[in-house]
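Here is a protein chain to explore, one piece at a time. Have a look around it first, and then we'll go through some of its details together.

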Amino acid sequence: MDSLRVGIEYLSAGANRQTGAADWSEDGIVAFGADSNVALWQPLASPPKGIARLLSGHENAVKAVRFLPKSEGESTTHLVTGADDQCLKLWALSADGTASCTQTVHAHTAAVNCIAALQQRGLPSPTSRVFATGAADASVKVWLFDGNQVRLLQTINTIPKFFPLSTALSTLGQGGEALVMAVAGTRDIVQVFVADSKARPDFQLQATLSGHEGWIRSLHFAWERGAPNSDLILASASQDKYIRLWRFHQGKELPAATANGADQSMGAFLPGKSPSNKAYRLQVAENHFSITFEALLLGHDDWIYSARWHLDPSTGKPQLLSASADNTLAIWEADASSGIWVTTVRLGEISREKGATTATGSTGGFWTGLWSPNGSSVVCLGRTGSWRLWNYSKEQDQWIPHVGIGGHTRAVTGTAWSKKGDYLLSTSADQTTRLHASWNKGSGQKTWHEMARPQIHGYDLNCIDSLGSSKFVSGADEKLMRVFDEPKAVAKLLSRLCDIGNGHIETMPDAANMPVLGLSNKAIEAVDDDLEVQAANPETDRDALDPGSTVRKSALEIDHPPFEDSLSRHTLWPEVEKLYGHGYEISCLAVSHDGTLIASACKASSINHAVIRLFETERWTEVKPPLTAHSLTTTRLRFSADDRYLLSVGRDRQWVVFERDIDDKLNYKLLQSNPKGHSRMILDATWAPVTDSLVFATAGREKQVKIWHRAPGDTPDAGIICTTTIPETHPVTAIDFLHRETMDGTLLLAVGTEIGKISIYSIDRASLNVSSTSILQPE
């Protein structure tokens, strides 16, 4: 065990769909909330490696993430996060890659929605940094970070009451001593607070900006130019589908454009609703400022979730990046001659083939957009929890998509390796099945990525297992199981990128598609690139194919892992069989190692439904009668390595071992059961890789793992007894034995608990006692 080295090879997690749940640091790290964790990702790393590490500590979903600006000469990066657990956490990220939580503050009384950090104007930040947080307790709190600790400076309760969804902080005026804070949320107004001292800020409400007609999702400040006397511009993005720009100008005189009258072109876009050119006044100490409406940005067709400024270093002018629920990411600039703000770049799913179902993954839009520190790259978060990445190419003068990352957005309920161990399948309560494999780029460079999304379902998925070299079976919150076969397009992709061979590629279907109103993936033929697919009416044709997910012949002829739009449209696997018989939702299933049998169970509260049903895979029929033993839901089924035994455990606290009939290989009969195997429900079980005796382990909610054994010399009537009990600190939810013995003849048992702790136990082969333990630490 001492020579065993265990490291993280791959991390996959979907991002939380919140506008403020991500930020891109000056060091090139994107931090984002992934359920209760904070994930760190370097989008511009070469080769792309996905999530580098996960920071654990919050107890509920992380909603707000913000990097604090670095002070001069500082090597440590500081990150502030807020979550539904009402806590703020301060993280220190060192240059060597280590990270730690240095402080936890519980000041808000509801979920933290947004965090804004004060950006210094063209200067490195001082040691003391100011930031603000907004929460669902209808308050905004202003904080000071002194380089070591965070302390509360001020609490502002919103009047009239609303929940802040976004805040923005900036210095104000040429001296840079005064501060301005904008707050907006579940009303159609933007409140502007000012403070006259950066050292001891005391924010006072001085203006309320009106004009939006929906909740305001995002606020961001930027200086119009790098000159000391330039104006401050505030962008506000709203659910009314518009972005409004507000100009903060120093002095009692109004800026020239406003003094001469509002933009005459606005009436053409908004007849009868010309934006007001009302001037709002601010006073900080002896300085006077005006706020005037600058521009109305029209171009999105749905709610706008985020708006972010970036100062273009080549022109010195600000660019605005907006992300919307209409599946587009837009970059806005002011026209050099007229000053009118126009869209210069539009990215995302902008074709007419957007898909007619949520199952295609093309609805729900983009939740947030981020600039890279130098402005040459942008990322955006989609509804599937995945990140899209574009890099600007000067040679081609266009934005080029690159490999992003993705992951499940809800609890992962099942994983299964392919029979040869080439790829990993995972299912989740987010109603997707995903295929993960290692991309071989040559020169020994291998990185893991999501290579296909075989199943996008309408029910939460609960379990999965591989069936042969190119099939799998999955169970969901429905009464049947579904069997899927690998399509030709995915097989060729895996062969080309991952060196995963399959000798039956030519006999496979081309691809799969999902009918508009259906749940079953249908096998289809890939169409030529120039063929136009006409949309059919799903009300008259239930099998009508969605033109948005039609597979072109060249769709997966690529030299990189598929992008998100291809994953959700072009990598579905066709469904080949449905297996019926259960009366309630499928809870677990297992496939025999020889691939001839599928064992399954469903949720049950009586002995009549708590049966285990066997299905043979030649004609896909049920082997009757079903196996009876449990009285409540079966939680795990496992075949032994030689398929001689079938082990089941359940919520009724008992384990059961069935033995294969010598004469009829499809039938199993009860060998032994233990109604009191654990004192609480049993959640998982696994067979040890031992051929001369019967050894397995079970895991219970009473925080114990038990190893059971029947010696080879025992008679068939001899009982299976517990030889070892391993105590844990929390309920054990998953266990598994390594499928072979180690070089020194020991058995390795992996144990996972409810809080995410994973331990590796080395078990002595003869005595079955624990010889050593290793706890896996995050890298």
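Leaving aside neighbours within four places in sequence, which residues is Ala452 in contact with? The list is Thr433, Arg434, Leu435, Val490, Leu567, Thr571 and Trp573. Keep in mind that this is a predicted model.

Let's stay with Ala452 for a moment. You'll find Ala452 in strand S33, which covers residues 446-456. Its relative accessibility is 0%, so Ala452 counts as buried. Along the chain, Ala452 and Pro562 are 110 residues apart, yet their C-alpha atoms are separated by 7.6 Å.

One of the contacts of Ala452 is Val490, and Val490 is also one of the buried residues of helix H3. This helix spans residues 488-498, and eight of its eleven residues are buried, so H3 is largely enclosed by the rest of the structure. Besides Val490, the buried ones are Lys488, Ala489, Ala491, Leu493, Leu494, Leu497 and Cys498. What do they pack against? The buried residues of H3 pack against strands S31, S32 and S33. Right after the helix comes Asp499, with a positive phi near 60°.

Here are the strands that the buried side of H3 meets, plus the pair of strands we'll get to later.

| Strand | Residues |
|---|---|
| S31 | 423-428 |
| S32 | 432-440 |
| S33 | 446-456 |
| S7 | 88-93 |
| S8 | 99-105 |

Now zoom out. The chain has four helices and 55 strands. Of its 779 residues, 56% count as buried. Take the contacts between residues at least 6 apart in sequence: 50% of them join residues at least 24 apart. On the outside, the chain exposes about 33100 Å², and carbon and sulfur atoms supply 48% of that.

What about the inside? In soluble globular proteins, nonpolar side chains tend to be buried together. The largest nonpolar core here has 26 residues, and Leu172, Leu209, Leu234, Phe248 and Ile291 have the most contacts inside it. Pick out Phe248: not counting residues up to four places away in sequence, it touches Leu172, Val180, Val192, Phe221, Asp231, Leu232, Leu234, Leu282, Ser290 and Ile291. There is also a second, separate core of 21 residues, and Met451, Ile464, Phe484 and Ile500 are among its members.

Next, the rings. How many aromatic pairs does the structure hold? It holds 19. In one of them, the ring centres of Phe32 and Trp387 are 5.5 Å apart and the planes meet at 55°, so this pair is tilted. Phe32 sits in strand S2 (residues 30-34) and Trp387 in strand S28 (residues 387-393), so the pair ties together parts that are 355 residues apart in sequence. Are these two buried or exposed? Both Phe32 and Trp387 are buried. Elsewhere, Tyr645, Trp655, Trp687, Phe696 and Trp708 form one aromatic cluster. Rings can have charged company too: the charged end of Lys441 sits over the ring of Trp439, 4.5 Å from its centre.

Last stop: a hairpin. Strands S7 and S8 run antiparallel and are joined by six bridges. Leu88 stands opposite Val105, which belongs to S8. Five residues lie between the two strands of this hairpin, and Gly97 takes a positive phi near 100°.

Terms used
Residues are numbered from 1 along each chain as its sequence is written. This is a predicted model: local features need pLDDT of at least 70, side-chain atom pairs count only at pLDDT 80 or more; totals for chains, interfaces and linings use all residues. Side-chain values use heavy atoms; hydrogens and water are left out. Rings of Phe, Tyr and Trp (its six-membered ring) pair if their centres lie within 6.5 Å; planes under 30 degrees apart count as stacked, over 60 as edge-to-face and the rest as tilted. Buried means under 20% relative accessible area, exposed over 50%, partly exposed in between (1.4 Å probe, protein chains only). A charge sits over a ring if NZ of Lys or CZ of Arg is within 6 Å of the ring centre and within 35 degrees of the ring normal. Contact means heavy atoms within 4.5 Å. Accessible areas come from the Shrake-Rupley method with a 1.4 Å probe; for residues, only the protein chains shown count as cover. A nonpolar core is a set of buried Ala, Val, Leu, Ile, Met, Phe, Trp, Tyr and Cys residues joined through side-chain atoms within 4.5 Å. Two strands pair if DSSP finds at least two bridges between them.
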